[in-house]
Amino acid sequence: MKVLVTGHAGYVGSLATSVLTEAGHEVTGLDTGFFAPCHTEGMVPVDPARTIAKDVREVTAEDLAGFDAVLHLAALSNDPMGDLAPELTAAINRDATIALAEAAKAAGVKRFVFASSCSIYGAGNPDLLLDETAPVNPLTAYAASKVESEKGLLALADATFAPTFMRNATCYGLSPRVRTDLVLNNLVVSALSTGEVKLLSSGLAWRPLLHARDLARAAAAILAADAATVCGEAFNIGQNDENHLVRDIAAIVAEAVPGSKVTFAEGNTIDPRSYRVDFGKFASAFPDFRFLHTAASGAKELVAALAGRTTPQDLTGQRYVRLARLKHLLDSGALAPDLSWRGERDTAPLTVKRDRVPVAGPSITQREVDLTAEAARTAWFENHAKYNLRFEAMVAEQTGRKHAISLAHCTSAIHLALAGLGIGPGDEVIVPECTWVATASPVVQVGATPVFADIDPVSWCLSPASLAAAITPKTKAAIVVDLYGGMPDWARLEAIARDAGIILIEDAAEAIGSRFRDKPAGAFGRASVFSFHGSKTVTTGEGGMLVTDDDALAERVNILRDQGRHPTSRALITEEVGFKYRMSAMQAAMGIAQMERLDELIARKRDIFRFYAENLAGTPGLTLNAEPAQVFNSYWMVTAVLDPKVGLLKQQVAAELGAEGIDTRPFFYPLSWQPAFRDQPSAAGAATRNPVAYAISPTGINLPSGYNVTRDVAARVSRALKSILQRHARRAA
């Protein structure tokens, strides 16, 4: 079907074009270009191959010739914009819509899908769910324009022309041209950039919510339906259980941005626009349609995409606020008072173009390239294991271990360590609160129960006292993480484990090259594991290693990593169900080249930390990674933890650094807080039992630590960080 999408360069239009194209339609876009430059930071919109740069008020039947359908999204598309000039809202949203439909019908277009709005219900009875037969009660120029447009379009319906009205709920979610003038999106950006989920009203109004991509998918479903069944029909688009009080939306956002808090603006009032909507008609008409998003998942999606990429100004600035964009174009003279272009369209993207500083990155020389290519040419047949064995021998020598087994990734190494030790249902495994989830996920995967223990306030690694307190008769093992290249007090941990008769597994994923009392990371516990992910000190692109002195464990892991087949067996016979966790020869070859440079790489990491330490020395309220007397820290990731008294959350710091072109990572969230682990028995009360983890995590942030960080780059990051702290201190004063 040939489909014209009006407003293709808008918030929903930027998604609709891709959704319809994926559905097999030939899509053309039509747009004035008012909001075309409003790119979401970090995203580049992909517009249709064919576009028409035209105001909907100027479209003729000739423009519409050859199209099978129109998806009409273009409008002054919310209440504040509608109130800018109510007469223009009527002209663009009502008169132009009806004229567009008349021209489409004259051109032989058969289908016309109109984006209306649930806001036409205005102030509905909160005790009722309003279906499509409910009285409309528009309270704004925008809502009134939708009501009048529906009436005008309905008058055109006949056997040759099928208009359909999508009364969509309030949209939210990520788009290549995102908006922050929509309630959930606004609250997410507020939380990320200020730490406050700030409500300007009492939050007692009802709003139904709908992800913008689900709206686009609903439009595609309507276009795929028989025209006669949807001709002249109005459909509320959304889900019944996605009707929310605004203050409940705020709570959902606060849950998605840990450490943020819900606040109310001084003098807030009750919003008269309040309606709960029944979406049963659409569900009945399209029984196979499934909404993919909820407010909770949409909030998390936005947090993942926008953390470190928004500022407080994005709550009111022209990039993300449509009314602010229009006012800018009017004030600059680019638009006439009737919102028509006076000259050349302003098409320059509003995103800030600057060299970004990535948070991590490898050091790859010609040696890595050459050896990997050599493996690609030669690591076959009798040489298939040559590079893996050599890489394993290098890691075994580095750690002083008897066995080293190369694997697909570090997660598989933890999984095989647990499985090889026979840990499973009924067993408890202690893990530190603050670490990547892959430390704990394999515990659940083998059927055991993770028990979350606190971290040390200096090393940020597992606290010996917390380990001792967490041991029960069911405890079989503890996984000890060398966090960010730091090392815990292994002497105390080993003594506690020995007295309790439990196994220690060292998660040295981030710590190759670090030492505790001149004993290298990887030399502790029954087994140790490493990661060679692309962000790590030594990389194979992706990959891991398990090292151990335990002959029986090594043999068991070798069997389990290769589908349960003994490594000496050449028959295709498996003794038990195992896993496919082998590392490729090309990865191993890269690992060899990296291990040849290990001393150089560690020295470089320590230089990077020194650059930051020198630049940030004396900064009040800020602590960097520790290196106690008995520890040699490889400083995989330089980490800054702010004193809670400073009053800045890691999301706020990430947002402001991100606006300066500096990428960061948050300090690991407590595992017991993570949705994946909240149902674990030890998650209950963990925040009280593990106060250090819950105190440090909200204000900790990983600074750029890739090998591209020079003295000048570290100085740039440090200046930006100190400036943020100073600005915040002035505001607080």
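## Helix 6 and two residues with positive phi

Helix 6, formed by residues 183-194, has twelve residues and reaches 16 Å from its first C-alpha to its last, close to the 16 Å expected at 1.5 Å a residue, where the expected span is 1.5 Å times one less than the number of residues. Helices (H or I, at least four residues) and strands (E, at least two) are DSSP runs, numbered from the N terminus. This is a predicted model, in which local features need pLDDT of at least 70 and side-chain atom pairs count only at pLDDT 80 or more, while totals for chains, interfaces and linings use all residues. Residues are numbered from 1 along each chain as its sequence is written, and side-chain values use heavy atoms, with hydrogens and water left out.

Helix 6 is largely enclosed by the rest of the structure, because nine of its twelve residues are buried; buried means under 20% relative accessible area, exposed over 50%, and partly exposed in between (1.4 Å probe, protein chains only). Among the buried residues of helix 6 are L184, L187, V188 and L192. What covers the buried residues includes strand 8 (196-201), helix 9 (246-256) and helix 22 (650-659). After helix 6 comes G195, which has a positive phi near 85°.

Most residues other than glycine have a negative phi. The table sets out two residues, neither of them glycine, with a positive phi.

| Residue | Phi | Loop between | Relative accessibility |
|---|---|---|---|
| R517 | about 50° | strand 18 (515-516) and strand 19 (519-520) | 55%, exposed |
| Y635 | near 50° | strand 23 (631-632) and strand 24 (639-642) | 4%, buried |

Methods: Contact = heavy atoms within 4.5 Å.
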